[in-house]
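Here is a friendly walk through one protein model, written for someone who would rather be at the bench. Keep the sequence and the 3D view open as you read.

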Amino acid sequence: MPDEHADVVVVGAGPAGASTACWLADQGLSVALLEKGTFPRDKVCGDGLTPRATKQLLRLGIDVSPEAGWLHNKGLRVYGGRAEPFELPWPTLGEFPSFGLVRKRADFDQLLADHAVAKGATLYQQANVTGAIVDQRTDRVTGVTTKDGRSFSAPIVVAADGNSSPVAKSLGLLKNARRPMGVACRTYFTSPRHDDDWMESWLELWDGKPGESNLLPGYGWIFGMGDGTCNVGLGTVASTAKSQKLNYRGLLQTWLANTPSEWGFSPDNQVGPISSAALPMAFNRKPAYTRGLVLVGDSGGMVSPFNGEGIPYAMEAGEAAAEAIVRAHAEGVGSAAAEKALHSYPARLSAEWGGYFRLGQVFVNLIEHPQVMRLCTRYGLPRPVLMRFTIKLLAHLYDTKDGDWMDRVIHALSRAVPAA
């Protein structure tokens with residue numbers, strides 16, 4: 001007999017799993033939300049959220065006011081092509097808010113998990129899941145086992161267990177090494193820039209004096225946390241997972257050594273180690289539903305190739321997965337109608353993001369070449385109209401209905417190309 005039984009077992013209590021659990025519990029299903037660690041626990045992240053993620057938090061009913069501990073930002077400050085930066089406000093749209101947010105992941109993840117519990121989900125911490133349980137008669141997933149010998153059963157299991165996804169791997173669902181793979185590393189510094197209300201991106205990283213040294217691959221960021229510290233990091237992306245062979249910590253240290261001394265990004269002001277994590281992109285593990293198992297977030301490679309952002313897609317996928325699962329339970333899990341409902345989930349993801357992610361793969365192929373990146377920053381950034389278009393494209397922020405000409409062009413392009 002299983003240690004616990006629920007309508008749905010959700011493995012992983014990060015943004016993907018917690019959001020899925022919120023929506024499922026809100027619809028009255030019993031949810032076992034399994035987390036291998038213990039809250040509060042940290043994750044490698046830039047801690048900055050674009051308006052796309054802000055929208056999902058608002059949909060969940062999360063209070064994102066400054067009084068509730070959130071730092072608001074109004075757009076991107078971009079360095080590249082010249083000494084002075086460019087400031088690009090978030091677009092004003094009908095489908096998305098006009099502001100982004102900043103919050104440390106340790107706090108952010110616990111807040112979402114607590115919200116799921118408040119909706120009715122049961123959170124099990126220190127539940128390190130090792131793989132799926134498969135009914136040999138039906139060949140369907142019926143639960144999961146943990147490292148300490150416990151088992152949790154449910155007619156549907158959600159794998160929101162990250163890039164490595166032991167649950168997906170136990171079913172033989174492996175990552176596609178031909179899809180883009182990003183890597184991000186970051187640390188914190190005490191800095192006078194901690195209360196900045198812009199998210200800052202550096203598109204040109206030099207190993208010496210700007211314009212007179214070697215251009216490093218990737219891009220950097222500086223996000224003020226509002227608490228006396230800045231999250232400072234560097235991200236790179238490669239067109240295939242196999243081509244990631246860079247010393248990311250070394251790249252970060254080389255870049256920061258050339259920032260102004262008054263910013264405080266020196267070893268004396270560093271808070272904590274430099275940590276890194278992989279960013280699985282463009283649906284690098286498929287299918288997102290099979291045999292009673294649903295993939296949400298990094299387990300299904302739901303990170304944007306354009307900017308390495310994963311949280312909004314994890315949360316959007318969680319809502320879409322919950323909608324399909326609720327329908328399946330209403331139809332009777334295992335019936336033909338229930339399977340039709342569950343298969344609608346990957347079809348929906350492909351329809352909504354597939355073309356956009358494919359465009360992102362083309363983008364990655366281009367920016368892997370430093371000379372292309374240099375041309376883009378030097379000749380593209382000074383053109384305001386082009387940059388407004390670019391920020392909409394890279395941040396996936398455009399109206400799909402009643403938008404301006406930029407929105408219509410991006411939407412048309414994402415519909416015209418084959419889905420990733």
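Strand E11 and strand E12 (residues 151–153) pair in the antiparallel sense over 3 bridges, where pairing asks for at least two DSSP bridges between two strands. Strands here are DSSP runs of E with at least two residues, helices are runs of H or I with at least four, and both are numbered from the N terminus. Across this pair, Gly143 stands opposite Ser153 in E12.

Before going further, please note that this is a predicted model, in which local features need pLDDT of at least 70, side-chain atom pairs count only at pLDDT 80 or more, and totals for chains, interfaces and linings use all residues. Residues are numbered from 1 along each chain as its sequence is written, and side-chain values use heavy atoms, with hydrogens and water left out.

Gly143 also serves as the bridge partner of Ile133. That bridge belongs to the pairing of E10 (residues 129–135) with E11 (residues 140–146), which is antiparallel and has 6 bridges. The hairpin of E10 and E11 has 4 residues between the strands, and Asp139 takes a positive phi near 60 degrees there. Together, 4 strands make an open sheet of mixed pairing, in the order E1-E12-E11-E10. Its edges are E1 (4–5) and E10, each pairing on one side only.

A second open sheet has 6 strands in the order E9-E3-E2-E13-E22-E21, and its pairing is mixed too. Strand E9 (122–125) and strand E21 (289–290) are its edge strands, each pairing on one side only. E21 and E22 pair in the antiparallel sense over 2 bridges, with Thr290 bridged to Leu293 in E22.

Helix H1 lies across strands E2 (8–11), E3 (31–35) and E13 (156–159), running at about 165 degrees to E3. Axes are lines fitted to C-alpha atoms, for helices over the stretch in contact, and angles run from 0 to 180 degrees between N-to-C directions. Contact itself means heavy atoms within 4.5 Å.

How do H1 and H3 meet? The axes of H1 (residues 15–26) and H3 (residues 105–119) come within 8 Å and cross at roughly 20 degrees. The two helices are therefore roughly parallel to each other; angles under 35 degrees count as roughly parallel, over 145 as roughly antiparallel, 65 to 115 as roughly perpendicular and the rest as oblique. The residues in contact include Pro15, Ala18 and Cys22 of H1 and Arg105, Phe108 and Leu112 of H3.

Three residues are worth clicking on. Buried means under 20% relative accessible area, exposed over 50%, and partly exposed in between, with a 1.4 Å probe and protein chains only.

| Residue | Location | Relative accessibility | State |
|---|---|---|---|
| Arg105 | helix H3 | 10% | buried |
| Ala118 | helix H3 | 66% | exposed |
| Val296 | loop between E22 (293–295) and H6 | 1% | buried |

Leaving out residues up to four places away in sequence, Arg105 touches Pro15, Asp42, Lys43, Cys45, Asp47 and Ile311. The C-alpha atoms of Ala118 and Cys22 are separated by 8.5 Å, although the two residues are 96 apart along the chain. Val296 and Ala314 are 18 residues apart along the chain, and their C-alpha atoms are separated by 6.2 Å. Beyond its neighbours within four places in sequence, Val296 is in contact with residues including Ala16, Thr20, Met302, Ala314 and Tyr345.

Which residues touch the most other members of the largest nonpolar core? Among its 83 residues, they are Leu57, Val294, Met302, Ile325 and Tyr345. Helix H6 (residues 311–331) gives the most to this core, with 11 residues. A nonpolar core is a set of buried Ala, Val, Leu, Ile, Met, Phe, Trp, Tyr and Cys residues joined through side-chain atoms within 4.5 Å. Tyr345 touches residues including Ala288, Val294, Val296, Met302 and Ala317, again not counting residues up to four places away in sequence.

Helix H2 (residues 51–59) has Pro51, Arg52, Ala53, Thr54, Gln56 and Leu57 as its buried residues. These pack against strand E4 (48–49), strand E8 (100–102), H3, H6 and helix H7 (336–367). Just after H2, Gly61 takes a positive phi of about 85 degrees.
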